[in-house]
Amino acid sequence: MKVPFLDLARHVEANRTDFDEAIERTLREGRFVLGTEVDRFEQEFAAYCGVEHAVGVANGTEAITIALQAVGVEPGDEVITVANTCVPTIVGIEAAGARPVLVDVDPATYTLDPSLLEAALTQQTRAIVPVHLYGQCADLDPVLKLALARDLRVVEDCAQAHGAEIGGRRAGSLGHAAAFSFYPTKNLGALGDGGSVVTRDHRTAERARLLRNYGERERFEHVVRGRNSRLDSLQAAVLRAKLPHLETWNERRREIAAVYGEALAFSNVLPPVEQPGRRHVYHLYVVRALERAAFRAALAERGIETAVHYPTPIHLQPAYTDLRPQGRKLSVSEHLAAEIVSLPLHPDLHEDEVAHVAAALREIPSPSATPG
Ligand SMILES: *Cc1c(COP(=O)(O)O)cnc(C)c1O
């Protein structure tokens, strides 16, 4: 049996009538950038996140840039984030004119280790971007406390965490602002690029609205220097069709994760661990395997496709070697990059595919490798 890592064509087939209806409605309205569909999606998505405001933008990377600018980050400021993230987090920070400062992650959650923040602070530090990686919220309480004490801004990178929770609150509702991506593979994905800034703060939302649309307040009145980063009406309509299903899909992800977790209970391959008080939405199901190459090969032999998110920490990418910090280590990120493997996990997997993966996880590695 073949288990593809992801199958977006299957996802579209399963939701075809909803998408057709949404697209047809938008075509009839004849408005293709912003407009009614975007306004409505913004209200619905803000409500889903438990915040007052959502501002639709062109993609998740620009959502990070615009969120940072909207909370007051300026060129020359330093913004702390993690080494174990995907490159767009860094692209988004640098597009705001800020300098990314990398810290290491917690070995249990693969997200920002708050105990390392103090050592990364300088006079220039203006904001922190915790990344809710793989679908689990970073440990935000200590980050928010430090931010309050040092007058820093917190912008959550929620690109992998639609519907994730910590302390009963949704990802995106805790920081000064947050950035979501609707790239097609995300837990809530469009049929193309899309993103959103969300915030509880009215003024931050207003600034984000200006920034995404040439800084224009009234027609031909430009009050700040903005950019063009708007959400398409067609994408908003498709996102509106999908949003009512997001909870069901996230629950299905959690179900599959539970099946995989059980299959790995006696393995020396480590499953992801949902932390107490957090709701993991398993954007990716990332395990750690000491013998990664052999593990992936054994899965491939059984037709199971895997991936690695991400094989290279930011500071080891050729374009970003200058971001390697002086005198601080990023060894957890470096270590993880050599061991992590992402298994196929998405709501459109069939029951027999899930069972096939679980059976493979029970079989490999061999029982002799099992501790105890
Ligand atoms: C996908 C992603 C982004 C970027 O989103 P785009 O819509 O592709 O620009 C940023 N941060 C993280 C953690 C992501 O997974």
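Rings of Phe, Tyr and Trp (its six-membered ring) pair if their centres lie within 6.5 Å; planes under 30 degrees apart count as stacked, over 60 as edge-to-face and the rest as tilted. The model is predicted, so to speak of a local feature takes pLDDT of at least 70, side-chain atom pairs take pLDDT 80 or more, and totals for chains, interfaces and linings use all residues. Residues are numbered from 1 along each chain as its sequence is written, and side-chain values use heavy atoms, with hydrogens and water left out.

**Exercise 1. Find which residues form one aromatic cluster with F41, and describe the pairs of F45.**

Step 1. Start with the total: there are 8 aromatic pairs in the structure.

Step 2. Take F41 and F45, whose rings are stacked, with 5.5 Å centre to centre and 20 degrees between the planes. About one helical turn separates these two, because they are 4 residues apart in helix 3 (residues 36-49). Helices here are DSSP runs (H or I, at least four residues) and strands are too (E, at least two), numbered from the N terminus.

Step 3. Move on to F45 and F180, an edge-to-face pair at 4.9 Å centre to centre and 90 degrees between the planes. This pair links distant parts of the chain, since F45 is in helix 3 and F180 in strand 8 (residues 177-181), 135 residues apart.

Step 4. Check burial, where buried means under 20% relative accessible area, exposed over 50% and partly exposed in between (1.4 Å probe, protein chains only). F41 and F45 are buried, and F180 is buried as well.

Step 5. Put the cluster together: F41, F45, Y48, F180 and F182. The ring of Y48 also has the charged end of R170 over it, 4.3 Å from its centre; the test is NZ of Lys or CZ of Arg within 6 Å of the ring centre and within 35 degrees of the ring normal.

**Exercise 2. Y134 and F220 each have a positive phi; decide whether each one is buried or exposed.**

Step 1. Y134 is not a glycine, yet its phi is about 70 degrees. Its loop runs between strand 4 (125-128) and helix 7 (140-150).

Step 2. With a relative accessible area of 3%, Y134 is buried.

Step 3. F220, also not a glycine, has a phi of about 65 degrees. You will find F220 in the loop between strand 10 (216-218) and strand 11 (221-222).

Step 4. F220 has a relative accessible area of 64%, and is exposed.

**Exercise 3. Locate the cis peptide bond that ends at Y310.**

Step 1. The bond runs from H309 to Y310, with omega near 10 degrees.

Step 2. Y310 belongs to the loop between helix 11 (292-301) and helix 12 (331-337).

**Exercise 4. Which residues lie nearest the centre of the largest cavity, and which lie nearest the centre of the largest pocket?**

Step 1. Fix the terms: on a 1 Å grid over the protein atoms alone, a cavity is a set of points where a 1.4 Å probe fits but cannot get out, while a pocket is an open set with protein on both sides within 12 Å along at least five of seven lines; lining residues have an atom within 4 Å of a point.

Step 2. For the cavity, the answer is H11, K186, R253, P347 and D348, out of 15 lining residues.

Step 3. For the pocket, the residues are Q160, Y183, T185, K186 and H283, out of 29 in the lining. Helix 4 (60-70) and helix 5 (87-95) each supply at least two lining residues, and helix 4 gives the most, with 3 residues.
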